[in-house]
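Let's walk through this one together, starting with a pocket and ending with how the chains relate. Have the viewer ready.

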Number of protein chains: 2
Amino acid sequence: MKEVRFFYVPDAVSQTELPQEEAVHALRVLRLNVGDEIFLMDGKGVFFRAEVSMTSSKHCSYVIKESMPQCPAWRGHIHLAIAPTKMTERMEWMTEKATEVGFDALTFLHCQYSERKTLRTDRMERIAISAMKQSRKAWLPAVHPLMSFKDFIAQPHCGRKFICHCYDEIDRKDFFTEISREPVDDADCDVCVLIGPEGDFSLDEVKQAIGCGFVSVSLGQSRLRTETAGLSAVMMAQLARRIQSH
Amino acid sequence: MKEVRFFYVPDAVSQTELPQEEAVHALRVLRLNVGDEIFLMDGKGVFFRAEVSMTSSKHCSYVIKESMPQCPAWRGHIHLAIAPTKMTERMEWMTEKATEVGFDALTFLHCQYSERKTLRTDRMERIAISAMKQSRKAWLPAVHPLMSFKDFIAQPHCGRKFICHCYDEIDRKDFFTEISREPVDDADCDVCVLIGPEGDFSLDEVKQAIGCGFVSVSLGQSRLRTETAGLSAVMMAQLARRIQSH
């Protein structure tokens with residue numbers, strides 16, 4: 001397979017050269033020259049066919065030849081809000097995999113039983129960018145700074161809102177069945193799903209979320225680690241909202 | 001939540017003490033004593049409630065108090081056959097996550113474009129055991145030794161057989177739609193799915209598999225890494241075959 005070269009340029013149209021990190025990769029690793037064809041992605045739904053117009057040791061200028069707006073691959077906005085795991089690398093792979101599978105926003109939550117209370121979300125964003133390029137996603141998922149559970153659930157969220165937890169004493173619907181019900185309108189396509197830390201949400205947090213309109217759900221019979229639960233929720237939302245190409 | 005202690009004892013009924021590694025964990029980490037309650041899992045569908053009956057520096061004997069056969073959480077046999085990735089750690093996490101989500105068998109394939117031609121499957125089996133314990137799965141997925149693609153597709157496989165690939169020139173059905181069609185009988189519940197290496201299967205391999213009765217499929221619009229494709233296939237099969245508890 002002929003490998004096309006994709007570069008992430010957030011403001012591709014208003015810029016005329018690759019961002020420095022991308023330029024270094026283009027020049028030193030791929031050894032691109034004037035006249036070579038490259039592809040740009042703006043992370044906002046558009047790919048661009050471009051041509052290298054000038055190079056120097058650290059700069060790589062381009063001229064856009066064609067703008068190629070992409071079709072969304074799923075309906076609505078898929079937002080995962082999750083308490084980071086103690087081991088950051090588990091959040092890193094989840095971010096990579098969820099981006100490959102396809103979702104729109106990631107918020108890290110500070111919960112009552114959180115083992116990790118800080119997180120370098122800039123690093124998570126870099127992982128999302130890398131996974132977006134690798135999997136050729138037209139939209140970059142937004143990675144939001146860590147925020148408190150309370151503040152997050154109090155925010156307005158469009159569409160369907162869910163909280164996944166393991167308390168048998170609180171009635172739980174099945175997440176996949178719930179999101180698979182046909183949306184009534186465009187706003188109803190949006191999904192926001194909360195995943196708790198290793199020790200789960202507190203019972204109080206679950207009740208607060210229900211009070212804020214979140215539906216109490218289960219991801220199924222499996223006992224999943226936090227990061228597996230996060231990825232499962234994204235995969236289920238993706239399957240329920242995907243637009244099939246043929 | 002009260003944490004119950006699970007130990008993997010493949011032949012729990014015919015044995016009277018924990019395997020050495022489990023015994024060391026029980027005695028040195030958990031500091032269990034005579035009379036303490038433990039749970040055993042045989043990886044073949046049965047949990048046992050037992051009691052520590054005798055301990056020494058490296059041995060931990062038990063007496064079984066109750067046998068608790070588990071109900072299957074999904075119908076049929078889910079078999080993933082995948083070409084190992086160049087980086088083993090990507091196969092390791094896939095094995096961990098697929099076990100958490102739930103599947104029955106894992107075979108590693110040696111394909112034409114495989115970047116990795118050997119793999120320590122004993123290490124993968126240890127990861128599966130650890131994930132089975134952590135996620136309280138009643139059945140241990142079978143981890144088979146690496147085998148050639150040709151030999152694998154020539155073997156008899158019950159149920160529905162699929163090959164996932166990225167060749168646009170070969171008609172592909174949608175994997176999730178295909179496995180979601182109601183099985184006609186018990187044998188039809190079984191799923192066997194092939195995932196190729198980083199450079200995909202060769203066109204020739206895809207044709208050979210189709211010749212052996214494998215259905216040509218796609219996992220959707222996303223461009224997935226090998227290990228993400230493997231996990232996605234397992235998650236889709238799991239969603240299509242799961243038995244809901246309520």
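The lining of the second largest pocket splits into eleven charged residues, six nonpolar and no polar (Ala, Val, Leu, Ile, Met, Phe, Trp, Tyr, Cys and Pro count as nonpolar, Asp, Glu, Lys and Arg as charged, and the others, Gly among them, as polar). This is a predicted model, where local features need pLDDT of at least 70, side-chain atom pairs need 80 or more, and totals for chains, interfaces and linings use all residues. Residues are numbered from 1 along each chain, chains are lettered from A in the order written, and side-chain values use heavy atoms, without hydrogens or water.

A pocket here is an open set of points on a 1 Å grid over the protein atoms alone where a 1.4 Å probe fits, with protein on both sides within 12 Å along at least five of seven lines; lining residues have an atom within 4 Å of a point. The volume of this second largest one is about 490 Å³, taken as the space filled by probe spheres set on the points, which are joined across faces, edges and corners. Of its 17 lining residues, A:Glu89, A:Trp93, B:Glu89, B:Arg90 and B:Trp93 lie nearest the centre.

Now for the two chains. Chain B lands on chain A after a rotation of 180° with 0.0 Å of shift along the axis, RMSD 0.0 Å (least squares on C-alpha atoms of residues with pLDDT of at least 70 in both). The copies are therefore related as by a two-fold rotation axis. In chain B, the C-alpha nearest that axis belongs to B:Met235, 4.0 Å away.
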